[in-house]
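Morning, everyone. I will go through two parts of one structure, a pair of strands with their sheet and then a pair of helices. Please have the picture open.

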Amino acid sequence: MLDRPVSELSKPSRRLPDQRWQIYPQKPEFAQKLAVLTNISPIISQLLINRGMETPEQVQAFLEPESLVLPSPLEDFPDLAISLELLQNAIASQTKIAICGDYDADGMTSTALLLRSLRTLGAQVDYAIPSRMHEGYGINKRIVEEFHSEGVGLILTVDNGISAFEPVARARELGLAVIITDHHDIPQKLPPANAILNPKLIAESSPYRGVAGVGVAYILAVSLAQQLGETKGLIQPMLALFTLGTIADLAPLTGVNRRWVKRGLQHLPKSHLAGVQALIQVAGVQVRGEGAREAGEAGEKKFNIPNSSNPKSLKPEDIGFRLGPRINAIGRIGNPQTVIELLTTDDMGLALERAMQCEQINASRQLMCEQIEQEAIAYVETQFVASLQQDRVLIVVQPNWHHGVIGIVASRLVERYGVPVFIGTYEDEQHIRGSARSIPEFHVFEALEYCHDLLGKFGGHKAAGGFSLPAQNLQVLRSRLIEFANQCLKPQHLKPLLKIDAEINLNHLNQQLYQQLNALHPCGMDNPDPVFWTSNVQVVEQKIVGKGHIKLTVAQTIDNQEYRIKAIAWRWGDYFRLPSRVDIAYKLRENYFNGNTSIELELIGVRLPIQLQQFFGSPPIQSSTTFEYNQRQYTCGFYKNGIKAELRIRNSEGKVLAMQPGHIIGLLGTNRQNAKEVDISQPQYDNIIQAALQALSVLSAEL
């Protein structure tokens with residue numbers, strides 16, 4: 001009988017994603033009751049229950065964000081009144097105002113928003129953004145002293161400043177007033193600014209709590225325009241920039257973010273901002289009808305934003321995957337001035353020129369990311385992969401990486417390895433600068449604070465952060481982060497978490513369901529796209545396309561009828577080829593081609609079918625039986641082979657087909673010495689394997 005493990009003869013790793021599937025408990029009776037009370041479908045009701053809604057009032061507020069009665073921002077932000085007073089006085093006296101921005105999409109859209117609005121309101125205003133390459137994140141003493149030498153009287157930080165104690169103290173020393181607008185986590189010691197606007201300093205129950213840096217800038221600018229009675233022509237351009245920055249920064253799409261982003265997505269296609277139109281054009285974004293309900297009258301007086309009558313709308317993914325990366329690429333490896341000019345110019349020719357620069361730099365950024373990612377993976381596989389379960393955190397530092405893109409690579413390493421990632425590169429022999437990305441159970445900013453004595457500058461929030469350190473502290477930092485990770489992470493946390501809303505069969509995936517899901521839009525952080533799963537589908541076609549994506553067709557037979565649907569698995573080349581039978585988790589997407597619209601799957605999870613997992617994980621003690629297939633008799637059973645179980649199927653002539661879970665290559669022969677490798681995903685093998693599993697399933701039930 002075959003006695004060498006299949007894995008010894010199999011081709012290189014055909015592993016599946018190592019994920020935690022967390023499927024929400026289904027509450028059909030409660031979902032039905034809520035559906036009747038709120039006049040929505042039971043599936044949408046279940047999705048809203050999954051997102052924490054328990055009452056008709058909560059559902060109503062979510063589905064109709066315009067029905068929320070918002071408190072005045074002046075009530076919720078203690079320092080807003082003094083900020084408005086400082087700005088009004090500066091405008092009245094023509095005191096120079098200087099904005100210190102940041103080089104990510106949030107910081108650049110915030111800078112552009114305040115530049116446009118303050119100039120329109122008559123302010124004398126300019127800006128500066130620190131060099132990512134030479135200075136790193138946030139306002140610094142050089143910028144403060146430069147502002148002072150230029151005669152600036154008021155500094156306004158956007159998307160930074162909350163941790164900049166020394167630069168702000170220096171500004172005050174020089175007689176400059178400072179308003180900090182930021183949304184990052186609060187340090188133990190606040191800077192001595194004249195005013196600080198940060199949603200982390202206001203009540204957790206406030207609807208403004210989740211705004212990003214651009215949200216704080218938007219609140220400040222709209223409040224100032226209202227106070228000066230100059231809102232005409234100002235609100236919609238600011239709303240467009242708010243929407244771009246909020247989605248690109250992955251801010252939670254709840255509370256006022258949901259309300260304003262929903263409006264913004266409807267306004268963006270017809271925005272009068274030349275830069276927005278140029279970006280949409282260059283990125284090739286299709287503007288589509290969404291059937292979304294238009295903004296209502298309720299609450300409009302608060303920010304005086306007119307209703308939209310345009311049924312066309314963008315979707316968050318248009319910004320998140322198309323527009324946002326083109327803006328972010330500039331801040332990562334280009335000059336932020338390009339984006340500021342793009343978003344503040346009214347000249348369509350200049351806007352198109354700047355948008356093309358964004359396009360070209362984004363292409364360079366993509367190539368750079370791919371190269372660094374491959375180098376990082378190779379380094380991790382040789383140095384750290386064996387100790388990840390003990391370390392529970394990954395610290396990767398290498399020379400000659402561009403620190404403008406290592407944050408993206410960190411995110412991809414988190415996806416791959418399921419642990420928090422701190423990635424850095426050498427600025428010179430003595431200094432390292434890095435980025436961090438996290439998993440849900442690990443708080444990046446708290447981890448950085450835990451290591452504060454080893455670091456230079458650092459900042460961030462729960463999911464991400466940035467830091468610098470003397471190179472000599474690297475080994476101690478590694479030990480300290482491992483210590484912190486072991487305090488807050490358990491072994492079960494070290495797999496990427498996949499939250500799944502509901503099980504659904506392929507025959508229910510249609511345009512009607514997709515349209516129903518529009519009620520949840522805009523989706524994003526804290527309001528994710530619905531994720532469904534389908535069990536035991538057959539992978540009937542699969543191939544690699546583009547740069548390591550798997551394009552496939554899956555099928556499910558229900559009541560003797562086969563249902564097929566196309567799918568894409570982004571950057572899953574490492575998992576090619578997938579086994580012939582799998583459970584899949586996915587999001588629904590519309591595909592537009594040659595004027596036709598179809599529903600496709602965006603695959604985000606795959607695992608062996610439950611029955612196969614159970615059999616291979618703990619086969620029945622008496623795990624051998626006979627069955628008939630195509631009028632021929634077979635014997636099948638599970639056998640221990642090394643530490644793994646192996647399924648073997650023998651025909652009447654003594655030939656054996658042997659396979660292990662997760663492999664698509666099996667062995668066929670009368671013994672291992674003369675056995676040949678076969679692709680068990682081919683129909684002639686897959687069908688007999690399914691018949692064997694069915695026979696063993698019946699046996700298991702009888703036992």
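**Strands, then helices**

Strand E10, residues 421-428, and strand E11, residues 431-437, run antiparallel and are joined by 7 bridges. Keep in mind that this is a predicted model. For one position to find on your screen, take threonine 425, which stands opposite arginine 433 in E11.

Now the sheet that these two strands belong to. In what order do the strands of the open sheet come? The order is E9-E10-E11-E13-E12, which makes 5 strands, and the pairing is mixed. At the edges are strand E9 (394-398) and strand E12 (458-460), and each of them pairs on one side only. From one strand to the next, the twist averages 15°.

On to the helices. Helix H7 covers residues 105-120 and helix H16 covers residues 337-344. Their axes come within 9 Å and cross at roughly 45°. Why is H7 called oblique to H16? The crossing angle is roughly 45°, and an angle that is neither under 35 degrees, nor 65 to 115, nor over 145 counts as oblique. The crossing of H7 and H16 is also right-handed.

Which residues make the contact? From H7 there are Met108, Thr109, Thr111, Ala112, Leu115 and Arg116. From H16 there are Val339, Ile340, Leu343 and Thr344. Sorted by kind, the residues in this contact of H7 with H16 are 6 nonpolar, 3 polar and 1 charged.

That is the end of my part.

Conventions. Residues numbered from 1 in each chain as written. Predicted model: local features only at pLDDT ≥ 70, side-chain atom pairs only at ≥ 80, totals over all residues. Heavy atoms only, no water. Axes fitted to C-alpha atoms, helices over the stretch in contact; angles between N-to-C directions. Helix = DSSP H or I, 4+ residues; strand = E, 2+ residues; numbered from the N terminus. Left-handed = near helix turned anticlockwise from the far one by under 90°. Contact = heavy atoms within 4.5 Å. Nonpolar A, V, L, I, M, F, W, Y, C, P; charged D, E, K, R; others polar. Pairing = 2+ DSSP bridges.
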